[in-house]
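Here is a set of exercises to work through with the structure open beside you. Try each task before you read its solution.

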There are 2 protein chains.
Amino acid sequence: RGRVGEGIGKAKAERMFGLMDGFLNNDPVSLQKSILDHVEYTVARSRFNFDDFEAYQALSHSVRDRLIERWHDTHQHFKKKDPKRLYFLSLEFLMGRSLSNSVINLGIRDQYVDALSQLGFDFEVVAEQEGDAALGNGGLARLSACQMDSLATLDYPAMGYGLRYQFGLFRQIILDGFQHEQPDYWLNFGNPWEIERVHVSYPVKFYGTVEEEFVNGETRKAWVPGEMVEAVAYDNPIPGYGTRNTINLRLWAAKPSGQYDMESYNTGDYINAVFNRQKAETISSVLYPDDRSYQGKELRLKQQYFFVSASIQDIIRRFKDVHDDFDEFPEKVALQLTDTHPSLSIIEVMRILLDEEHLGWNKAWDIVCKIFSFTTHNVIREGLERIPVDLLESLLPRHLQIIYEINQMFMEEWKKKIGNDYARLSRMSIVEEGSVKSIRVANLSIACCHTVNGVSKVHSEIIKSRVFKDFYDVWPEKFQYKTNGVTQRRWVVVSNPGLSALVTKYLGTEAWICNVDLLSGLRQHASDLALHQDWKMVKKVNKTRLAEYIEMMSGVKVSLDAMFDVQIKRIHEYKRQLLNILGIIHRYDCIKNMAKGDRAKVVPRVCIIGGKAAPGYEIAKKIIKLCHAVAETINNDTEIGDLLKLVFIPDYNVSVAELVIPGSDLSQHISTAGHEASGTGSMKFLMNGCLLLATADGSTVEIIEEIGVDNMFIFGAKMTDVPALREKVASTKAPLQFLRVVRMVKDGYFGFKDYFKSLCTTLENGDDFYLLGSDFASYLEAQATADRAFANQEKWTEMSILCTAGSGRFSSDRTIEEYAKKTWGIEPCKCPSDY
Amino acid sequence: RGRVGEGIGKAKAERMFGLMDGFLNNDPVSLQKSILDHVEYTVARSRFNFDDFEAYQALSHSVRDRLIERWHDTHQHFKKKDPKRLYFLSLEFLMGRSLSNSVINLGIRDQYVDALSQLGFDFEVVAEQEGDAALGNGGLARLSACQMDSLATLDYPAMGYGLRYQFGLFRQIILDGFQHEQPDYWLNFGNPWEIERVHVSYPVKFYGTVEEEFVNGETRKAWVPGEMVEAVAYDNPIPGYGTRNTINLRLWAAKPSGQYDMESYNTGDYINAVFNRQKAETISSVLYPDDRSYQGKELRLKQQYFFVSASIQDIIRRFKDVHDDFDEFPEKVALQLTDTHPSLSIIEVMRILLDEEHLGWNKAWDIVCKIFSFTTHNVIREGLERIPVDLLESLLPRHLQIIYEINQMFMEEWKKKIGNDYARLSRMSIVEEGSVKSIRVANLSIACCHTVNGVSKVHSEIIKSRVFKDFYDVWPEKFQYKTNGVTQRRWVVVSNPGLSALVTKYLGTEAWICNVDLLSGLRQHASDLALHQDWKMVKKVNKTRLAEYIEMMSGVKVSLDAMFDVQIKRIHEYKRQLLNILGIIHRYDCIKNMAKGDRAKVVPRVCIIGGKAAPGYEIAKKIIKLCHAVAETINNDTEIGDLLKLVFIPDYNVSVAELVIPGSDLSQHISTAGHEASGTGSMKFLMNGCLLLATADGSTVEIIEEIGVDNMFIFGAKMTDVPALREKVASTKAPLQFLRVVRMVKDGYFGFKDYFKSLCTTLENGDDFYLLGSDFASYLEAQATADRAFANQEKWTEMSILCTAGSGRFSSDRTIEEYAKKTWGIEPCKCPSDY
Ligand SMILES: Cc1ncc(COP(=O)(O)O)c(C=O)c1O
Ligand SMILES: Cc1ncc(COP(=O)(O)O)c(C=O)c1O
């Protein structure tokens with residue numbers, strides 16, 4: 001720990017060195033002192049009187065100190081080694097809480113538990129004070145978070161970039177069974193996990209015009225902006241597990257630009273002039289709560305470009321700090337685009353190389369083609385992002401010019417390859433003609449990136465055969481896939497300590513935490529009854545915790561002997577929560593019509609549903625209300641008792657997932673085949689030994705390969721059947737048992753008859769696009785199989801163990817290794833532990 | 001240091017006690033460690049590489065730790081003793097910088113200087129990194145800041161309340177001689193001097209309706225608001241000098257209220273719904289930049305009520321924490337209203353006592369009448385604040401009802417006293433009829449406060465004989481005055497260390513820092529030539545520093561031998577910067593017309609003007625431009641050379657004042673008699689041994705009493721002559737030498753002929769309301785006297801020493817002692833130093 005900065009006299013440096021040698025100590029007494037110092041001087045409370053929340057604040061500042069130390073050293077080490085770096089660009093990161101994860105990754109959880117308990121506080125209780133960082137919608141955003149954890153743990157020289165939304169994903173409030181949305185004031189009580197970097201800031205330009213200059217006989221274009229906003233960096237240290245490496249997730253916030261004020265105003269209406277400047281901040285103020293499309297909204301486009309411009313300026317600044325030849329750029333920089341949201345980066349790099357670095361077009365283009373890789377999460381062409389040309393022209397006039405030039409270049413190239421197939425050429429064009437002329441961002445990304453990744457094996461097939469077929473035929477070598485994964489650190493070690501300890505005990509090592517393939521070692525114990533005993537005990541503890549939470553949130557008491565059957569994810573028609581609810585109605589109806597004696601044979605169920613609907617998505621909101629209406633009827637039916645309960649868990653987020661997943665027996669992933677690109681929720685359940693009831697969609701297909709169809713409950717139409725089924729649905733009647741449950745809803749059995757009418761209409765008269773009707777019988781059968789399996793607890797436990805044992809492939813560590821080797825070309829860069 | 005909080009086990013408390021006994025250490029090594037820790041963990045920079053700004057941040061966090069310790073102990077001590085407290089309510093506080101002031105008041109400046117220098121940093125350079133906290137316009141706001149310093153130093157159990165404007169007073173940028181306004185992004189780089197108290201927050205209500213309820217046979221009114229905003233506290237510790245007492249200045253910031261969200265929205269347009277909620281923050285976002293009137297603006301009224309409501313809720317909460325009988329309220333609470341800006345407090349207390357505490361009207365009224373005192377800064381009836389009834393009715397409907405009731409009560413009382421003198425009754429009424437029906441906030445304040453204070457002896461006369469004559473005749477006992485004062489800690493000890501050391505040397509004690517009357521001891525040394533020598537040396541050092549600053553800001557080189565003649569204050573017609581400029585033109589004209597030989601006898605001058613014009617105040621802006629235009633001509637006239645220079649110092653604020661005042665020889669306070677209520681700038685110059693050239697206005701009259709007219713340059717019309725002079729001006733011609741200089745401006749001698757036309761019009765054709773013409777001759781004479789005096793340096797130095805020696809009466813310590821004894825009825829409450 002002895003590097004001495006330049007520009008500082010030796011004596012001075014030595015003096016400082018003497019005062020600051022060594023790291024912060026982590027023995028319980030040092031930790032206590034550190035916590036109490038933060039109580040007094042950071043939280044500004046009395047050292048003799050502070051509550052759990054204040055203890056949380058002080059504790060996290062103490063952890064923050066330790067994170068900063070490593071984050072700093074990692075930064076220095078990367079700087080010294082100057083390896084090729086990966087820049088991971090994502091508009092969404094769903095980080096959840098940081099405290100427990102940080103102390104576990106730093107390896108100092110036990111010390112903190114001790115330190116706190118001697119001060120009279122319980123670590124678990126204190127950790128519960130933390131709110132979620134929810135800067136994302138769902139799967140894509142949580143995937144970004146998991147991948148950051150793997151990048152840090154695997155010592156890759158990587159850095160994440162995103163936006164620091166002042167309001168993250170809305171809070172879901174349920175009033176009377178209806179979803180209401182509340183802003184997420186996540187920063188109101190401070191955020192100890194970020195470091196404000198007031199001096200790391202860049203101007204971001206908007207609007208204006210493009211002017212031409214003639215310099216040395218060349219025409220140069222210069223963008224003269226009409227508006228300027230400042231992007232300020234907030235750094236979030238991401239600690240790896242079992243390593244000193246702590247990488248950086250840099251999030252940008254918008255501030256009014258002082259620079260722009262230099263053309264200052266001289267106005268009587270000063271107050272309003274200030275308000276107008278302050279509006280700059282709205283750019284980063286709200287996360288868009290739609291998880292599948294953001295069409296044509298100016299603010300959304302501003303967010304994207306704001307994010308892109310700040311990140312690219314930062315990346316180029318870092319490169320230029322040590323290099324002066326852009327030829328080396330591709331050897332030092334890999335840029336990963338998470339979906340098309342950051343795709344304007346391609347144009348931004350091109351623009352900077354052309355207009356600011358004054359490279360020629362060919363040289364600039366050469367560089368651009370080598371640095372970007374792109375991962376798509378889309379399954380349908382209609383879902384692809386388009387930017388109206390009018391909007392782009394007004395907001396980013398120079399970028400539009402460059403896009404046109406690139407498109408022209410490609411159209412010529414393609415014409416040479418495929419001839420005058422104009423229908424196909426017009427499909428491939430980056431510019432979409434039509435009533436609203438638009439830029440197809442996906443086409444742009446495919447054309448300019450060296451690699452296009454899918455997120456699962458089936459997804460890859462969909463891309464090649466459907467969504468991007470035209471491109472696959474021209475550039476087959478560009479198309480790859482990396483099946484998504486999740487980090488076992490958060491999803492097992494942090495959230496399921498019981499299981500984690502048990503696994504370590506039976507494997508005889510903790511190594512699986514960084515090498516999750518070792519979990520397969522559990523297979524040899526799958527029928528060991530001693531393990532069964534322990535395994536069931538762990539599950540019971542987790543179910544108890546979940547049952548308490550359910551009772552607290554909804555007042556419903558549930559039986560621990562029942563099967564906990566969970567579907568938690570965004571509410572979407574394609575994810576078919578409605579199929580689940582109709583299945584529950586069917587189950588309820590069956591029990592009601594059963595002879596008393598038969599009821600004894602029913603396997604008791606607790607059906608748990610959770611998820612948010614986008615605020616403008618009416619049908620999804622109706623599904624939430626239906627869930628509550630059905631729950632109201634079932635839970636208050638004394639005839640039913642513990643045989644069936646239905647609960648909706650409000651405000652689903654990462655922390656809720658961490659609580660629910662370890663406590664569930666069965667989980668549902670029942671999207672219509674061909675609609676889920678990957679799905680990562682299922683992987684978390686799998687790792688936690690929870691059985692899956694699922695369609696052969698997205699990554700489930702690969703889970704089947706690992707676990708075997710016998711250890712899962714697979715049902716429903718295959719992807720290849722779907723087109724034919726859709727045609728059939730239009731002409732044939734749905735099965736009777738399906739029509740019966742739909743009719744119960746329609747006839748007002750659960751009340752709110754008028755309100756549910758349009759919901760029922762989506763299923764009737766051949767409109768059943770998501771095939772709930774045609775999958776219904778098969779769904780019920782899979783549910784019946786699950787019931788039978790659950791009745792045999794030893795069999796069930798064995799299946800459960802085999803789930804965990806087979807989950808190794810679904811670690812984000814594996815995903816990241818694949819990306820590093822096959823797509824990014826980066827190597828680990830480990831910070832020595834005695835830095 | 002051994003109090004143990006309740007609710008914590010003994011063992012635990014003892015453990016914590018063991019870990020945290022004693023205060024932070026202040027030896028240089030501890031301070032270095034503390035600074036470096038903050039560099040690494042708070043500023044998150046490398047301990048081996050940080051710049052002056054980062055050193056400033058770390059240093060101030062280190063000081064902040066020490067402030068928090070004392071602030072906390074003071075809070076505990078007040079809580080334990082429960083004395084009567086003073087709450088000082090002001091919408092403006094002009095605090096300036098905090099670092100130097102804090103370390104001096106804490107008595108640890110030298111230790112920090114050492115600690116820093118051993119790390120290779122210069123304290124002065126580091127301290128220059130700090131920006132001003134400029135949450136106020138001018139005199140009133142700086143007075144509030146000085147009084148906070150005195151309250152802390154004198155150990156009074158006091159607390160300040162104000163608003164935490166996100167943008168303080170605009171930054172003045174001069175482009176081409178014109179003033180432009182830039183928002184003051186003072187929080188952009190963090191503010192180590194405040195402590196965010198996220199849990200100290202109150203809902204503030206607006207709009208809505210008043211409903212009636214019948215409870216136990218009584219009618220109760222309940223205000224049902226239409227909007228709710230949250231007020232969050234930011235605490236600013238104010239350290240006393242030479243005492244452990246560190247009091248609190250609590251500033252409120254507006255945040256969207258989560259509470260209000262409970263009636264949540266269920267909307268497709270979620271993004272816009274969030275933006276609407278975010279608008280709440282605009283309430284506290286900008287300080288109004290007009291220093292004399294804020295008529296009829298809804299946002300201004302919202303600011304006032306927001307401030308009042310949060311403060312009163314906080315005060316009542318604190319009272320109720322330990323008392324349950326409101327009869328004791330007046331024994332525990334004194335509320336000081338700084339001008340009429342916080343006067344809605346009166347109604348707010350009444351409303352809470354009536355509608356929320358359910359006290360009867362008489363009892364509530366009785367309490368209200370005992371607790372408020374009010375200080376007016378106004379000199380003219382037209383300047384008094386009025387709130388349009390329409391606005392108040394919509395924003396605060398219940399308050400309007402209460403005001404009407406109070407008014408009715410008083411109208412009856414007054415009728416009994418003065419009979420049916422309807423003209424007078426209508427002048428006294430709180431409600432003003434007329435084209436815009438309004439509430440007269442001053443009348444309300446006078447009626448409901450137990451004391452009405454003026455800010456100087458003359459001001460008191462103006463109030464009694466002019467502004468509030470009607471009220472004085474009814475309630476003579478209510479009217480008092482306390483001449484304003486300034487704190488010698490900031491204005492001498494912090495900003496003029498040379499003079500400070502010299503004074504201490506000659507008085508043989510530092511006691512004058514807390515007992516400024518001791519300065520009179522300098523009188524006996526006034527003709528001591530050894531002292532003269534030192535005194536001139538100190539002045540020279542200060543002039544050198546100022547000259548360097550002038551050169552840096554304006555490029556003008558000035559001679560140290562010249563008389564530095566300063567006028568720095570807000571630009572206002574009544575403050576007559578224009579008179580000063582016209583005088584300078586006259587001087588220039590004289591020199592130009594002088595025989596070469598005579599020029600040698602001219603006393604060289606550097607005229608320095610600084611100040612901001614309100615953004616909407618056109619005439620004031622023209623005065624600034626004129627100053628630049630004249631400077632341009634004079635400074636570039638090689639014939640003139642060092643005989644005359646004119647410089648405008650941009651962006652006048654507290655820090656600039658701290659630099660300029662110690663370096664000036666002469667200062668001007670030349671308002672038209674009867675227009676300046678007090679003026680505090682003059683007192684700062686006086687303390688620093690700078691001679692005054694002034695009209696007999698405001699506190700200058702009392703300065704004359706102390707210093708004697710022979711040691712000052714007094715000129716111009718007396719207040720009592722002004723009405724007659726105004727009439728005369730309308731009918732007679734201005735003196736020729738005046739018309740000549742005005743004509744130079746008008747004829748375009750300095751350019752910008754058209755632009756200056758309307759400025760000249762204010763002086764001509766009998767429109768010369770501020771009597772520049774009639775005072776001109778006398779002004780020039782005073783200037784000539786000053787020239788002659790300056791020519792005799794020993795005489796001048798003696799006068800200078802006598803200024804400092806006679807400045808004791810103008811310490812805010814004296815002002816505060818008077819308030820405490822005569823108005824507030826509070827006693828010191830000293831925190832023991834071994835707490
Ligand atoms: C809060 C949250 N949302 C969404 C997801 C993604 O779930 P799925 O892949 O089941 O849609 C996850 C995964 O755990 C999550 O934690
Ligand atoms: C920044 C600032 N503005 C205004 C004033 C008040 O000046 P005056 O009383 O001369 O108007 C002061 C006093 O020093 C000040 O520091």
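**Exercise 1.** Locate B:Asp155 in chain B and describe its backbone and its surroundings.

*Solution.* Step one: B:Asp155 sits in the loop that joins α7 (139–153) to β4 (158–163) of chain B; helices (H or I, at least four residues) and strands (E, at least two) are DSSP runs, numbered from the N terminus. Step two: the phi angle of B:Asp155 is near 65°, a positive value in a residue other than glycine. Step three: B:Asp155 counts as buried because its relative accessibility is 8%, where buried means under 20% relative accessible area, exposed over 50% and partly exposed in between (1.4 Å probe, protein chains only).

Some ground rules before the next task. This is a predicted model, in which local features need pLDDT of at least 70 and side-chain atom pairs count only at pLDDT 80 or more, while totals for chains, interfaces and linings use all residues. Residues are numbered from 1 along each chain as its sequence is written, chains are lettered from A and ligands numbered from 1 in the order in which they are written, and side-chain values use heavy atoms, with hydrogens and water left out.

**Exercise 2.** Now turn to A:Arg576: which loop holds this residue, and is it buried or exposed?

*Solution.* Begin with the loop, which runs between β19 (563–568) and α22 (577–593) of chain A. Next, check the backbone: A:Arg576 is not a glycine, yet its phi is positive, at about 60°. Finally, A:Arg576 is buried, because its relative accessible area is 1%.

**Exercise 3.** Work out what surrounds ligand 1.

*Solution.* First, collect the shell: 14 residues surround ligand 1, and the closest are A:Lys569, A:Lys575, A:Thr680, A:Gly681 and A:Lys684. A residue belongs here if one of its heavy atoms lies within 4 Å of the ligand.

Second, look for polar contacts (pairs of N or O atoms within 3.5 Å; within protein, one must be able to donate a hydrogen and the other to accept it, and residues adjacent in sequence count only if both atoms are side-chain atoms). The side chain of A:Lys569 places an N or O atom 3.0 Å from an oxygen atom of ligand 1. For A:Lys575, a polar side-chain atom is 2.7 Å from a ligand 1 oxygen. A:Gly681 uses a backbone N or O atom, 2.9 Å from an oxygen atom of ligand 1.

Third, consider cover: ligand 1 on its own has 400 Å² of accessible area, and the protein covers 95% of it. Such areas come from the Shrake-Rupley method with a 1.4 Å probe; for residues, only the protein chains shown count as cover.

Fourth, α25 (654–660) and α26 (681–687) of chain A are the elements that give two or more residues to this shell.

**Exercise 4.** Carry out the search around ligand 2.

*Solution.* Start with the shell, where 14 residues surround ligand 2, the closest being B:Lys569, B:Lys575, B:Thr680, B:Gly681 and B:Lys684. Then take the contacts with ligand 2 oxygen atoms: a polar side-chain atom of B:Lys569 is at 3.0 Å, a backbone N or O atom of B:Thr680 at 2.8 Å, and a polar side-chain atom of B:Lys684 at 2.2 Å. As for cover, ligand 2 exposes 400 Å² when taken alone, and the protein buries 96% of that. To finish, α26 (654–660) and α27 (681–687) of chain B each supply at least two residues of the shell.

**Exercise 5.** Explain why helix α8 (residues 270–278) of chain A is described as largely enclosed.

*Solution.* Count first: seven of the nine residues of α8(A) are buried, so the helix is largely enclosed by the rest of the structure. The buried residues include A:Tyr270, A:Phe275 and A:Arg277. Then ask what covers them: the cover includes β10 (227–239) and β11 (246–256) of chain A, along with β6 (178–182) and α10 of chain B.

**Exercise 6.** Place B:Ile513 and list its contacts.

*Solution.* B:Ile513 is in the loop between α21 (497–507) and α22 (529–554) of chain B. At 2% relative accessibility, B:Ile513 is buried. Leaving aside neighbours within four places in sequence, B:Ile513 is in contact (heavy atoms within 4.5 Å) with B:Tyr241, B:Gln488, B:Arg489, B:Val493 and B:Asp813.
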